[in-house]
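Me: I would like to learn how to read a sheet and a core in a protein model. Could we go through one step by step?

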Amino acid sequence: MSETVIRARGLAQRFGAREVFHDVGFEVRAGEIFAILGGSGAGKSVLMRQLIGLRPPSAGSVEIMGRDVMQERAAVRRAIGVMFQSGALFGSMTLLENVMLPLEVFTGLPPEARVAVARVKLALVGLAEAADRMPAEVSGGMARRAAIARALALDPPLLFLDEPSAGLDPITSAGLDQLILELRKDLGATVVVVTHELPSIFTIADRCILLDHAARGVIASGDPRRLREESTDPTVRAFFRREAA
Amino acid sequence: MGADPAPARLGVTEADGTVTITLRGGLDATSTGALWRPTVRAAAAAGGRPLVLDLAALSHCDTTGAALLLATEAAHGGPVAVHGAPTSVAALLARVRSAAMAGAPETGPATVAEPLARRPMPARLLAGAAEGLAFLGEALFALFGLPARRRMIRLGDLARFTDQAGVQGLPLALLLGGLLGLILAFQSAIPMRRFGADIFVADLVSIALLRELGPLVAAVILAGRTGSAEAAEIGTMKVNEELDALATMGLDPMTLLVLPRIAAAMIAMPVLVLALDLAGLAGMTVVMAAFGFPPALVLARVVAAVRPGDLLGGVFHGICFGALVAAIGCRAGLATGVGPRAVGLAATRAVVGGIVGTIVLDGLFAVFNYRLGL
Ligand SMILES: Nc1ncnc2c1ncn2[C@@H]1O[C@H](COP(=O)(O)OP(=O)(O)OP(=O)(O)O)[C@@H](O)[C@H]1O
Ligand SMILES: [Mg+2]
């Protein structure tokens, strides 16, 4: 198996004179759960935006399924689902309508089918009961789960999740990890996940890269469990063994 | 992923009173659409008789497909036997089914420094004007693309924006119009009276109001109430990454957010302008009555002084101002930066830009009218 789904080469991001990272390159293979790790401000969200073609990199390029994301945005768009760090639910629509929107835009499903499909997606993230509420009327964690449901709307082969479990209680967070694993198993999805949560990293991630603010780039990559055991770099050790400290 | 799966197909057979629905090929978000209604209908028609769902020829199935299978079972009403589902499909179906039954467990940076900001004032204004024009051009472009994007048009939005801009602005327009009429009439009646020409106050006020002040004040109301709200709404969406979410779905903010707001402003403005005009004339009539002129006489003067072109011209100006104010408000929203002050700043820009833009446009209209001899 393991065809390459994402190929990032020499990515850099500068804001004026300030450089966030440079020379970030990696490959994500089909069916993998790939984690982008790093402290706050290390550039994880910026990197994710570059990967999905929302932000042109200062240098470097990204290919998704062999297509350059900046050049073939329309083709790439159909293949990916994105959950943004702030959820980005449309505030003027109910959770159900939020999930229905991509179905409305991209599929020929009749209206009653869109409702049924969207309800299934919400049920998958445990929100069946809250479907008709507005984003302002649900908790932060519920909004985040609804955003995941929206990212799943089209069953995309490639999912990007920016901190899906930040600020959630450990049980719900573990539930989300389980959901991500099941999605991979049932649908063969490839998942790129930005996260801080150590338990989550060790449960779900097959491989990871660790971005560092001071080094302005990637300081470690590979299997997170092996990095925890084997890395000799003090920053990497500190990141993976936080809870021990 | 990769290669396209075989398109999905549906077959319905009946033997010994048992109905069999056979689904073949791949059931995913794209292919399920065409099959949804026929499948559900076939299941409903089989109600009361045993139903078999034959999935042996299903090459793959995602959650959209699973939703169809659930809907099929629900439409049939009775127990449904699922035959031959590939293990992956069976597992997915089981998961979706249990999720659907379980219900809900209730658990509860600064932008790149704008190069604009550092240039001297006149250059900044020019660049701003050029950007504004480019924005209007883009909006127009989106308008031409509209027929191809019918799915993105939401009439509910248009109604909501029109209500906000027009209906809810009416009381303010009536109040300001009435006061304006009172003040104008009173201020001009005193000097005119010295020449014994005070009846001409009716001419003066009605022409000034209908041609100039009505549309202008209506535009100021729109900028203050609606332009700022548009900027704040769109700005919040931007801060909230909602605009990014739209972009990942290939939805164009021009069509979805900007066009309906501009259209709503263009619908609302005639209403606001006419309300202002009427209230202003009423206010003027009150003052004239105090000076001893009966309303019937004042009305006759107004009718004699005002040409239909004055009224229509004013309404037309109002519509143009409305489009401009809404466009400037939306642009300010889309240009919102990051950080806690960004949305407030966008709202301020919308109001200031809207009022300045309106007055500049009004000046341009004045020049054109003079040239055309209107
Ligand atoms: N639009 C922007 N303009 C200027 N600087 C930006 C912009 N977006 C992000 N940055 C800067 O880039 C750096 C990385 O930001 P990013 O949002 O990627 O961090 P992150 O790793 O996702 O952090 P967190 O874990 O807090 O979400 C930060 O220093 C941030 O200030
Ligand atoms: Mg982030």
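Reply: What follows covers a sheet, its helices and the nonpolar cores. Keep in mind that this is a predicted model.

Me: What is the strand order of the open sheet in chain A?

Reply: Strand order is read across the sheet, not along the chain. Here the six strands run β6-β7-β8-β3-β9-β10 in chain A, and their pairing is mixed.

Me: Which strands stand at the edges, and why is one side of each left without a neighbour?

Reply: In chain A the edges are β6 (80-83) and β10 (217-222); each has a single partner strand, so one of its sides has no neighbour in the sheet. From one strand to the next, the twist averages 15°.

Me: In which sense do β6(A) and β7 of chain A pair?

Reply: β6(A) and β7 (residues 158-162) of chain A are parallel, with four bridges between them. One residue to look at is A:V82, whose bridge partner in β7(A) is A:F160.

Me: Which strands does helix α5 of chain A lie across?

Reply: Helix α5 (residues 140-151) of chain A lies across β6 and β7 of that chain, at about 170° to β6(A). Helix α6 (residues 170-187) of chain A lies across β3 (33-38), β7 and β8 (190-194) of chain A, at about 145° to β3(A).

Me: Which residues have the most contacts inside the largest nonpolar core?

Reply: They are A:L122 and A:F240, in a core of 81 residues. Beyond its neighbours within four places in sequence, A:L122 is in contact with residues including A:L95, A:V99, A:A131 and A:A149. A second, separate core has 78 residues, among them A:V192, B:M237, B:L256 and B:L334.

Definitions and conventions
Residues numbered from 1 in each chain as written. Chains lettered and ligands numbered in written order. Predicted model: local features only at pLDDT ≥ 70, side-chain atom pairs only at ≥ 80, totals over all residues. Heavy atoms only, no water. Core = buried A, V, L, I, M, F, W, Y, C linked by side-chain atoms within 4.5 Å. Buried < 20%, exposed > 50% of the residue type's maximum accessible area, 1.4 Å probe, protein only. Contact = heavy atoms within 4.5 Å. Pairing = 2+ DSSP bridges. Helix = DSSP H or I, 4+ residues; strand = E, 2+ residues; numbered from the N terminus. Axes fitted to C-alpha atoms, helices over the stretch in contact; angles between N-to-C directions.
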